[in-house]
Amino acid sequence: PPKLRSFPLLKEEVLNLFSFFIKLRPDNDYDLELIQKSIDGDMDSFKQIVEKYQNKVARVTTSMLGRSYEAEDVGQEVFIRFHNSISKFKGDSNLGTYLVRIAINLCLNSIKKENKFKTSSLSNGNDLSLGGDEETKNDIASLINHALCSLKPEFRSVVVLRNIEGYTTKETAAILEIPQGTVLSRLSRGHDKLREIIIKLEQI
């Protein structure tokens with residue numbers, strides 16, 4: 001008759017299986033654990049949250065405000081705001097989406113406060129120069145980023161969420177608290193404006 005395998009081997013298989021299912025555990029569950037530990041005063045857990053989502057937040061603030069100290073400041077403010085109100089997070093949405101919503105709102109407030117957008121930039125092409133040397137002008141990433149920052153905030157936010165962050169129309173509508181039809185119309189107009197701006201930039 002076949003011999004039973006030794007306990008050590010069985011133990012190893014169980015541990016491997018356990019590890020496998022841990023990896024399959026919904027990411028949001030782990031986030032909720034980190035949040036609860038943070039509420040209990042565990043700063044290492046909050047640090048893990050920051051490290052996990054700082055690139056995502058930075059991508060949003062940079063796309064909305066350009067590569068600037070202001071974008072960095074807003075990115076930091078996102079986590080400060082979240083930390084100060086962390087107990088209010090109920091887990092109704094993904095943590096990443098929740099932080100993106102904070103980031104978008106702070107960026108829109110910053111744009112409004114500093115009057116970052118100038119309507120004349122779209123109407124007559126002023127202030128569209130990339131500046132710098134030829135290498136910068138040929139940098140596609142810089143071109144797109146500059147074009148994004150030339151969009152009106154309401155178009156910019158939709159383009160960033162849909163095309164850069166990859167949110168669905170429904171998710172984008174929820175984040176911005178606008179109808180899905182508005183998301184679609186702003187996305188279409190945003191794309192049209194981006195094409196116009198990029199063509200102008202390429203001619204400079």
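Analyst: A residue counts as buried when its relative accessible area is under 20%, as exposed when it is over 50%, and as partly exposed in between. With that cut-off in hand, we can read this predicted model, beginning with Ser45, which is found in helix H3.

User: Is Ser45 buried or exposed, and which residues does it touch?

Analyst: Because its relative accessible area is 2%, Ser45 falls under the 20% cut-off and is buried. Setting aside residues up to four places away in sequence, Ser45 touches Leu34, Lys37 and Ser38.

User: How should I read Gln48, which is also placed in helix H3?

Analyst: Gln48 has a relative accessibility of 33%, and therefore counts as partly exposed. With residues up to four places away in sequence again left out, Gln48 touches Tyr30 and Leu34, and Leu34 is also among the residues that Ser45 touches. A C-alpha distance is a separate kind of reading from a contact: the C-alpha atoms of Gln48 and Ser38, 10 residues apart along the chain, are separated by 9.8 Å.

User: Let us step back to the whole chain. What does the secondary structure come to, and what share of the residues is buried?

Analyst: The protein has 11 helices and zero strands, so that, in DSSP terms, the pattern read along the sequence is α-α-α-α-α-α-α-α-α-α-α. Of its 204 residues, 36% count as buried. Among the contacts with a separation of 6 or more, 66% are accounted for by residues 24 or more positions apart.

User: How does one describe the packing of two helices, and at what distance and angle do the axes of H3 and H5 meet?

Analyst: Two packed helices are described by the angle between their axes and by the distance between the axes. Here the axes of helix H3 (residues 43-65) and helix H5 (residues 95-114) come within 9 Å and cross at roughly 35°, and the crossing in which H3 passes H5 is right-handed. On the H3 side the contact is made by Ile49, Tyr53, Lys56, Val57, Val60, Thr61, Met64 and Leu65, while the residues of H5 that take part include Leu95, Leu99, Ala103, Cys107 and Leu108. Sorted by class, this contact has 14 nonpolar, three polar and one charged residues.

User: Why might the H3 residues in that contact be spaced as they are along the sequence?

Analyst: An α-helix has 3.6 residues a turn, so residues three or four places apart point the same way. In the case at hand, Ile49, Tyr53, Lys56, Val57, Val60, Thr61 and Met64 are among the H3 residues that make the contact.

User: What is the general idea behind a nonpolar core, and which residues have the most contacts inside the largest one here?

Analyst: In soluble globular proteins, nonpolar side chains tend to be buried together. The largest nonpolar core in this model has 45 residues, and those with the most contacts inside it are Ile49, Met64, Phe82, Leu95 and Leu99. Several elements give two or more residues to this core, including helix H2 (27-39), H3, helix H4 (69-84), H5 and helix H9 (153-164); H5 gives the most, with 10 residues. Leu99 serves as an example, since, not counting residues up to four places away in sequence, Leu99 touches Tyr53, Val57, Val78, Phe79 and Phe82.

User: Which residues of H9 are buried, and what does Ser63 contact?

Analyst: In H9, the buried residues are Pro153, Phe155, Arg156, Ser157, Val158, Val159, Val160 and Leu161. Ser63, whose place is in helix H3, is itself buried because its relative accessible area is 6%. Leaving aside its neighbours within four places in sequence, Ser63 is in contact with Asn145, Leu148, Cys149, Arg156, Val160 and Ile164, and its side chain reaches the backbone oxygen of Arg59 at 2.7 Å.

User: How does Leu108 of helix H5 compare on accessibility?

Analyst: Leu108 has a relative accessible area of 26%, and so is partly exposed. Not counting residues up to four places away in sequence, Leu108 touches Met64 and Pro153, and its C-alpha atom is separated by 8.3 Å from that of Ser157, 49 residues apart along the chain.

User: Finally, which residues have a positive phi?

Analyst: One of them is Gly166, which follows H9 and has a phi near 80°. Another is Glu177, with a positive phi of about 60° although it is not a glycine. Glu177 is found in the loop between H10 and H11 and, at 70% relative accessibility, counts as exposed.

Technical notes. Residues are numbered from 1 along each chain as its sequence is written. Side-chain values use heavy atoms; hydrogens and water are left out. Axes are lines fitted to C-alpha atoms, for helices over the stretch in contact, and angles run from 0 to 180 degrees between N-to-C directions. Helices (H or I, at least four residues) and strands (E, at least two) are DSSP runs, numbered from the N terminus. A crossing is left-handed if the near helix is turned anticlockwise from the far one by less than a right angle, and right-handed if clockwise. Contact means heavy atoms within 4.5 Å. Ala, Val, Leu, Ile, Met, Phe, Trp, Tyr, Cys and Pro count as nonpolar, Asp, Glu, Lys and Arg as charged, and the others, Gly among them, as polar. A nonpolar core is a set of buried Ala, Val, Leu, Ile, Met, Phe, Trp, Tyr and Cys residues joined through side-chain atoms within 4.5 Å. Buried means under 20% relative accessible area, exposed over 50%, partly exposed in between (1.4 Å probe, protein chains only). A polar contact is a pair of N or O atoms within 3.5 Å; within protein, one must be able to donate a hydrogen and the other to accept it, and residues adjacent in sequence count only if both atoms are side-chain atoms.
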